[in-house]
Amino acid sequence: MPKRYVAYKEVVLMHGIDAINRSSYADRPDLSADYRLELVVYLTSYSGDWDNIGGTISDALQGQFWDNDGQIVSGQVHKIINKKEKNCRVEITIEELNYS
């Protein structure tokens, strides 16, 4: 894998773990559940296909939020391009789905 890709996944995972630690959840996420994933991606250019962005982020969070990213049964990626913005960012919403 390219070093840049691996580095990006490590940054996403680091921020994901930090979000868990700062959240109001008493317990860690149920790694065996099904999930809905929503990403709002703020970019400064049109680089990156939406499906590659979603796949990279869902791979990066594997093992901390779910056992396998195949457990994401519903997902959306919203790309917002703002060429005047200096920094890129991603807002991640994860919802555990309970079918009972």
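This report describes the fold, strand pairing, core and surface of one protein chain, taken from a predicted model.

**Overall composition**

The chain has 100 residues, and 22% of them count as buried. Its secondary structure consists of two helices and three strands, arranged along the sequence in the pattern α-β-α-β-β. Contacts that span long stretches of sequence dominate: among those between residues at least 6 apart, 87% join residues at least 24 apart. The accessible surface of the chain is about 7,000 Å², and carbon and sulfur atoms account for 50% of that area.

**Strand pairing**

Strand β1 covers residues 34-43, β2 covers residues 72-81, and β3 covers residues 89-97. Strand β1 takes part in two pairings, one with β2 in the parallel sense and one with β3 in the antiparallel sense. The table sets these out, and a residue pair from each follows.

| Strands | Sense | Bridges |
|---|---|---|
| β1 and β2 | parallel | nine bridges |
| β1 and β3 | antiparallel | nine bridges |

Facing β2, V41 stands opposite K79. Facing β3, L37 stands opposite I94.

**Nonpolar core**

The largest nonpolar core contains 14 residues, and I57, L61 and W66 have the most contacts inside it. Two elements, β1 (34-43) and α2 (50-60), each supply at least two of the core residues. The greatest contribution comes from β1, which gives five residues.

Which residues does L61 touch, leaving aside those up to four places away in sequence? The list is V12, L13, G16, W66, I92 and I94. Of these, W66 is, like L61, one of the core residues with the most contacts. I94 is the residue in β3 that L37 stands opposite, and I92 recurs in the surface patch described next.

**Surface patch**

Y8, V90 and I92 together make a nonpolar surface patch of about 220 Å². V90 lies in strand β3, the strand that pairs with β1 in the antiparallel sense. Why can V90 be counted in a surface patch? Patch residues need over 30% relative accessible area, and V90 qualifies on this point because its relative accessible area is 31%. At that value V90 is partly exposed.

**Summary**

In this predicted model, β1 pairs with β2 and with β3, and β1 also gives the most residues to the largest nonpolar core. L61 is among the residues with the most contacts inside that core, and I92 both touches L61 and helps make the nonpolar surface patch with Y8 and V90.

How values were computed. Residues are numbered from 1 along each chain as its sequence is written. This is a predicted model: local features need pLDDT of at least 70, side-chain atom pairs count only at pLDDT 80 or more; totals for chains, interfaces and linings use all residues. Side-chain values use heavy atoms; hydrogens and water are left out. A nonpolar core is a set of buried Ala, Val, Leu, Ile, Met, Phe, Trp, Tyr and Cys residues joined through side-chain atoms within 4.5 Å. Buried means under 20% relative accessible area, exposed over 50%, partly exposed in between (1.4 Å probe, protein chains only). Helices (H or I, at least four residues) and strands (E, at least two) are DSSP runs, numbered from the N terminus. Contact means heavy atoms within 4.5 Å. Accessible areas come from the Shrake-Rupley method with a 1.4 Å probe; for residues, only the protein chains shown count as cover. Patches are made of residues with over 30% relative accessible area and no salt bridge: like charges are joined within 9 Å, nonpolar side chains (Val, Leu, Ile, Met, Phe, Trp, Tyr) within 5 Å. A salt bridge is a side-chain nitrogen of Lys or Arg within 4 Å of a carboxyl oxygen of Asp or Glu. Two strands pair if DSSP finds at least two bridges between them.
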